[in-house]
Amino acid sequence: MCGVLRAADAGKKAVLMGWVNRRRDHGNLLFIDLRDRTGVTQIVFNTDRNRAIHEKAEGLRNEYVIAVIGTVKLRDANTINPNMPTGEVELVADELRILNESKLPPFLPSDTALTNEETRLKYRYIDLRREVMQFNIETRHKVAKAIRDYLSGEGFFEIETPFMTRSTPEGARDYLVPSRVQPGTFYALPQSPQMFKQILMISGFDKYFQIVRCFRDEDLRADRQPEFTQIDLEMSYPQPERVWEVVEGFLTAAFAAAGYDIKTPFPRMDYDEGIRLYGIDKPDLRLPPFTDVRECFSSENLQELAINPNLPVIAIHIPKVGELSRKERDDIKPMFHSKGGARVYEDFKRIGNKYPAAAEAIGKNVGAEAGDLIVLVAGSAQAGPQSPVSPHRKVTPQELAVYTSAGLLRLALAQKYAERHQCFQKGDFRFLWVTNFPMFEWDESERQWMAAHHPFTSPHEQDMKLLEEGVEALHDPLSPLSAVRALAYDVVLNGTELGSGSIRIHRQDVQSRIFRALGMTEEEAKARFGFFLEALEYGTPPHGGIALGLDRIVMILAGAESLREVIPFPKTARAVDLMVDAPTPVSEAQLRELGIAIRKTRE
């Protein structure tokens, strides 16, 4: 391979094959850098050694595919390239075979200036030849192999589940596949193997995993693709801690495969605590948590500042940012997205001048040092009337508005001033388990309760009474359903959710009650999930599991900005594959076979 020759190989005969990466013509000497996925070796064509081969080599151009036979030679001391692993040697050519020529590509893999992404995706086969893309795909392979090896060693079976199944839309839209042999009916591509892996537990395969493709027809972002890969696993009879132990084990193996050591066990945080300390259910632990500094102000101070005295006053603290200019302070307000009447107080120096005692107390409470940035977020005293508050909720909607507003601003500030505060260091991996999520979320537009995770998540045993009471008040936002906790957990890394899991419902009566709480009639539940409800009646063991995004894990390990950088053949933000030009119309004959007619929608 082109990246393996070293000084110890001097004098040996070698055969190298690959792409012409670079060409330098020095008259009697012609130098070719030959590349494959392992690296680059310099090839020398010398007229004094073989004029015919030299003349043939003069026709070589970038991206030609060639084979060279020659002798490995040590470079002269003044020509050694310390930036190349093969930089001490070169191959002196005795024979050259041109295996294939190449048109001039729209960009070269050796280019240092990156072309636009659309061109890269259209000519993905050229883009994938670049060193960074080769590294990303190799990292993906190593990570997937390490996970497979670990889980196999723990007694898990890798079992494939169907790609064509029934449509049971939950959240995102399904991709539908028409059936030719059953006209008018459709399969759906799976958003996850959720029900199949639960049925595998019913079937007696007590440890299942799969590195599986999943599909969601949803709007795309940098961290979303219509088809993606997840690490899916399920176990019989686990407590949540056992699932966490397995996940920590295979993540340790995966990160080690990429050259990183991580610390286990991961810390754990209750959902409510995450909201109070970080304003988000996926906290980035590299940054300091919030501090509620309401008590640092007198009631008169709060009144003068137009702050609601009944709501938290959140101090966002980001170390070592330095003093902000007037323009930088002004730039904070457009970064702030108020939730429910929250306000931002971006000029802490001004507050210190007017309320020195309060500012000093705040500085002590957050542990601030000289040059640290402090921004306050509070509820506005001019906000409209408060909505009714459920007696079952720990965090009121008004408090949640302040916490989430502060959480969004905290992340925006951290990203804007990342170079100054240097909290985001390469290789600083802060994992976290977030637990005890709400079982349900109130959808104001639909005036009903929705599953916060998915409807197969088990509620806490202690909250079953609240579930029973809540089912009698399905359309009430103050229902006891607001306080039902799920046996759900997310694994979070540096503010990114890597995966979600839960202990599942294994009793048919509880599953039916959950469907009812989500507004499904018995007939609707049977039509959509009848096969699964029936399976639960045949001796289902308690079980639980999790699914993690492989693409996200590799993206973080590779230091990439987008999932498209670690997926060999991704889609654009418009869900288009530019290389093969998909999706595309199909012929009338194909449509007739499927019994499908295309109707234009109104614009």
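This passage walks through a sheet, the helices that lie across it, one further helix and a buried aspartate in a predicted model.

A good place to begin is the sheet. Eight strands make up an open sheet with mixed pairing, and their order is S6-S9-S10-S21-S20-S19-S16-S11. The edges are held by strand S6 (157-158) and strand S11 (268-270); each has a single partner strand, so one side of each is left without a neighbour in the sheet. Within this arrangement, strand S9 (residues 207-215) and strand S10 (residues 227-236) run antiparallel and are joined by 9 bridges. Phe215 is found opposite Glu227 of S10. As general background, the strands of a sheet pair through backbone hydrogen bonds, in either a parallel or an antiparallel manner.

Helices lie across the sheet as well. Helix H4 (residues 131-153) lies across S6, S9 and S10, and runs at about 150° to S9. Helix H7 (residues 271-278) lies across S11 and strand S16 (431-435), with an angle of about 85° to S11. H7 also meets helix H12 (residues 397-416): their axes come within 8 Å and cross at roughly 65°. On the H7 side, the contact is made by Ile275, Arg276 and Tyr278, while H12 brings in Leu400, Tyr403, Gly407 and Arg410. By type, the residues of this contact comprise 4 nonpolar, 1 polar and 2 charged.

Helix H11 (residues 356-366) shows how burial can be distributed around a helix. Its buried residues are Ala358, Ala359, Ile362, Gly363 and Val366. Because these residues cover an arc of only 135° around the axis, they lie on the same side of H11. Pro356, Ala357 and Lys364, on the other side of H11, are exposed. The cover over the buried residues of H11 includes strand S12 (291-292), helix H8 (299-304), strand S13 (313-318), helix H10 (348-354) and strand S15 (373-379). After H11 comes Gly367, which has a positive phi, near 70°.

Returning to the sheet, a closer look at one charged residue is worthwhile. Asp232 belongs to strand S10. With a relative accessible area of 1%, Asp232 falls under the 20% cut-off and therefore counts as buried. The side chain of Asp232 is joined to that of Lys197 by a polar contact of 3.0 Å. Leaving aside residues up to four places away in sequence, Asp232 touches Pro193, Lys197, Tyr208, Phe209, Gln210, Val212, Ile546 and Ala547.

Methods: Residues numbered from 1 in each chain as written. Predicted model: local features only at pLDDT ≥ 70, side-chain atom pairs only at ≥ 80, totals over all residues. Heavy atoms only, no water. Pairing = 2+ DSSP bridges. Helix = DSSP H or I, 4+ residues; strand = E, 2+ residues; numbered from the N terminus. Contact = heavy atoms within 4.5 Å. Axes fitted to C-alpha atoms, helices over the stretch in contact; angles between N-to-C directions. Nonpolar A, V, L, I, M, F, W, Y, C, P; charged D, E, K, R; others polar. Buried < 20%, exposed > 50% of the residue type's maximum accessible area, 1.4 Å probe, protein only. Arc of directions from axis to C-beta. Polar contact = N/O pair within 3.5 Å; in protein donor to acceptor, adjacent residues only side chain to side chain.
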